Amino acid sequence: MERSEKILQGLGNQYYRATLKSMGFTTEDLKRPVIGIANAWSECVPGHYNLRQVAQRVKDGIYRAGGTPIEFGVIGGCDGMGQGHDGMHYILPSRELIANSIESMAQINLFDGLVLLGSCDKIVPGMLMAAARLDIPCIFLPGGPMEGGVEFDGRQADQTSSTEAYGMLSAGKITEAEYVALEDTACPGCGSCSYLGTANTMCALAEALGMTLPDGGLAPATSAVRMMMAEETGVKIMELVEKQITARKIITNGSIRNAIKACLAMSGSTNAVMHLTAIAHEAGLDIRVLDEFDTLSRTTPQIAKMNPACKYNVIDFYYDGGVPRLMENLQTMLETDAMTVTAHTLAENIASHKYRYPATGLVNHTMDDPFGYTGGVAVLRGNLAPDTGITKPGAFDKSLHHFEGEAICFDSEEAAEEAILAGKVRDGHVVVIRYEGPKGGPGMREMYKAMKYLYGRGLSKTTALITDGRFSGTNNGCFVGHISPEAAEGGPIAIIHDGDRIVIDIESRRLDLMVPQEEIDARLKAWKRPEPKFKKGWLGLYCKIAASGSEGAVLKFDNL
């Protein structure tokens with residue numbers, strides 16, 4: 001029996017049918033499998049702006065294949081709009097609200113399957129977490145990436161170019177006219193950010209995980225292919241319902257491991273570590289995602305390269321074969337018997353895939369010709385990160401793979417940004433931004449602006465930045481984020497003093513404070529836990545029950 005039959009079939013269930021018929025559903029509609037469409041469309045997020053049209057083509061496919069679609073809305077915040085102010089406190093916590101709201105709607109309405117429409121940083125993992133939690137047939141489909149803008153600083157611009165340019169303006173490197181001109185030319189149309197930030201990383205990894213149809217992750221937002229993929233997704237969800245291929249048959253230890261390897265092979269966003277950890281947690285898996293990233297990063301070559309690691313954008317990656325070619329080139333390292341939403345295995349998908357465009361070799365390389373012989377994301381440990389920190393060496397200059405410098409400490413993102421723009425951060429500094437973790441922030445804000453200002457002021461290759469917060473996938477330069485335990489939990493990052501020496505060593509996977517252990521112990525003993533920044537509302541609850549970054553920042557209800 002389909003889930004929906006429990007409320008839509010039989011004489012005694014007239015109440016439910018009458019309720020739906022009030023909105024125009026017919027008797028025949030209600031005899032078919034009912035597919036929920038969780039649509040994060042809004043006018044707040046450029047990555048979601050086209051999802052009304054995408055949703056309609058998904059509906060067309062569902063109708064064509066004999067199902068009845070029922071669409072509902074899901075919140076989704078744009079990380080870009082939340083950057084650098086109190087709004088960023090809400091961005092990571094919104095991931096949990098998204099997962100909870102989809103779970104709620106699916107269970108209230110007893111949908112037989114779900115199509116999940118969303119494109120951006122926390123929406124993608126939130127939707128995949130919901131799919132894993134519900135374990136019903138689900139397909140995730142994003143709206144596709146944005147085209148690059150006018151050329152600026154040697155590459156196609158995007159909205160982050162405006163922040164870099166503000167740093168340049170503050171340092172007198174460009175004119176105000178040059179700066180102002182970017183406002184109308186950096187973002188030429190809708191779509192998820194044109195570079196390999198967290199949004200496009202997670203869309204690509206949803207495809208690598210098997211939860212998105214091949215090419216469905218990264219076909220451009222404004223392309224005809226995007227609409228074709230939408231209709232095909234509508235058809236395919238009906239096949240998954242018929243065959244009862246549920247989310248947990250696709251999200252397995254093996255497919256998570258495949259997604260980790262794909263992330264390493266393309267130097268994806270460091271936030272993927274946390275999100276894959278959370279997805280695995282919701283699927284009830286025993287895979288230790290952090291340990292897998294650590295181990296596999298040493299043996300997985302980087303065979304794809306995109307902005308911020310180079311000038312090429314995600315759409316260039318798509319034209320060079322995208323995720324299907326990445327997985328084909330990587331297949332000897334993958335668990336290719338993994339099931340996918342095509343209702344075929346990864347091996348079958350690779351064998352049958354037809355590429356729309358000839359290979360350019362600009363973005364996708366083979367295993368014989370990698371960009372690097374180790375993965376683009378690394379897990380660090382040391383006396384500053386007992387429970388790990390995350391960095392992305394694939395996106396910064398190799399001269400920074402060993403960095404030793406002098407700490408300059410800030411207890412908030414805003415304080416650091418003001419100091420950078422005021423010229424207080426100098427060559428050789430390690431900028432420490434703390435009390436920005438899941439509990440302390442709360443919400444583990446991104447240190448996006450701080451890194452962009454360092455770049456704009458010409459300090460990206462002569463300074464480093466470490467934090468218990470996160471980074472945007474667009475950031476480059478020497479950085480370590482997700483430092484756990486966080487400052488608000490008494491982690492060692494809380495007791496760094498200005499002038500302390502800090503060593504970041506990528507090769508040895510270390511992050512260390514060069515202070516005698518007895519001094520560290522004395523400082524930790526004297527440390528006092530600060531009062532929570534929020535004591536009511538959603539953030540008041542979140543900062544009580546959020547786990548550390550090393551645990552995926554999931555909600556731990558036993559913390560109550």
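This is a short talk on the sheet, a few helix contacts and some backbone details of one structure.

Okay, thanks everyone. Keep in mind that what you see is a predicted model. I'll start with the sheet.

We have an open sheet of 4 strands in the order 2-1-3-4, and the pairing is parallel. Which strands stand at the edges? Those are strand 2, residues 68-73, and strand 4, residues 138-141. Each of them has a single partner strand, so one side of each goes without a neighbour in the sheet. Going from one strand to the next, the twist averages 20°.

Let me zoom in on strand 1, residues 34-39. It runs parallel to strand 2, and 6 bridges join the two. If you want a spot to click on, try I35, which sits opposite P69 in strand 2. Then there's helix 3, residues 51-64, packing on this sheet. Helix 3 touches strand 1, strand 2, strand 3 (113-117) and strand 4, and its direction makes about 170° with that of strand 1.

Now, helix against helix. Take helix 5, residues 91-109, and helix 6: their axes come within 8 Å and cross at roughly 40°. Parallel or oblique? Angles under 35 degrees would count as roughly parallel, and helix 5 and helix 6 are therefore oblique to each other. The crossing of these two is right-handed. On the helix 5 side, the contact includes R95, E96, I98 and A99, while the helix 6 side includes I123, P125, G126 and M127. Sort the contact of helix 5 with helix 6 by class and you get 10 nonpolar, 3 polar and 4 charged residues.

The other pair I picked is helix 9, residues 198-209, with helix 16, residues 322-330. Here the packing angle is about 55° and the axes are 10 Å apart. That makes helix 9 oblique to helix 16, and the crossing is right-handed. Who makes the contact? From helix 9 it's A204, E207 and A208, and from helix 16 it's V323, P324 and M327. By class, that contact has 5 nonpolar, no polar and 1 charged residues.

On to the rings. How many aromatic pairs are there? The count comes to 10. One of them is Y166 with Y453, a tilted pair with 6.1 Å centre to centre and 55° between the planes. This one links distant parts of the chain: Y166 is in helix 7 (residues 159-170), Y453 is in helix 19 (residues 448-456), and they are 287 residues apart.

Last topic, backbone geometry. As a reminder, most peptide bonds are trans, and most residues other than glycine have a negative phi. So, where do we find cis bonds here? One joins N307 and P308, with omega about 20°. P308 belongs to the loop between helix 14 (289-296) and helix 15 (314-319). Another runs from G441 to P442, with omega near -15°. P442 is in the loop between strand 10 (429-433) and helix 19, and helix 19 is where we just met Y453.

And for phi, have a look at D135. Its phi is near 55°, a positive value in a residue other than glycine. D135 is found in the loop between helix 6 (123-134) and strand 4. That brings us back to the sheet, with strand 4 at one of its edges.

That's all from me. Happy to scroll through any of it with you.

Notes
Residues are numbered from 1 along each chain as its sequence is written. This is a predicted model: local features need pLDDT of at least 70, side-chain atom pairs count only at pLDDT 80 or more; totals for chains, interfaces and linings use all residues. Side-chain values use heavy atoms; hydrogens and water are left out. Axes are lines fitted to C-alpha atoms, for helices over the stretch in contact, and angles run from 0 to 180 degrees between N-to-C directions. Angles under 35 degrees count as roughly parallel, over 145 as roughly antiparallel, 65 to 115 as roughly perpendicular and the rest as oblique. A crossing is left-handed if the near helix is turned anticlockwise from the far one by less than a right angle, and right-handed if clockwise. Contact means heavy atoms within 4.5 Å. Ala, Val, Leu, Ile, Met, Phe, Trp, Tyr, Cys and Pro count as nonpolar, Asp, Glu, Lys and Arg as charged, and the others, Gly among them, as polar. Two strands pair if DSSP finds at least two bridges between them. Rings of Phe, Tyr and Trp (its six-membered ring) pair if their centres lie within 6.5 Å; planes under 30 degrees apart count as stacked, over 60 as edge-to-face and the rest as tilted.
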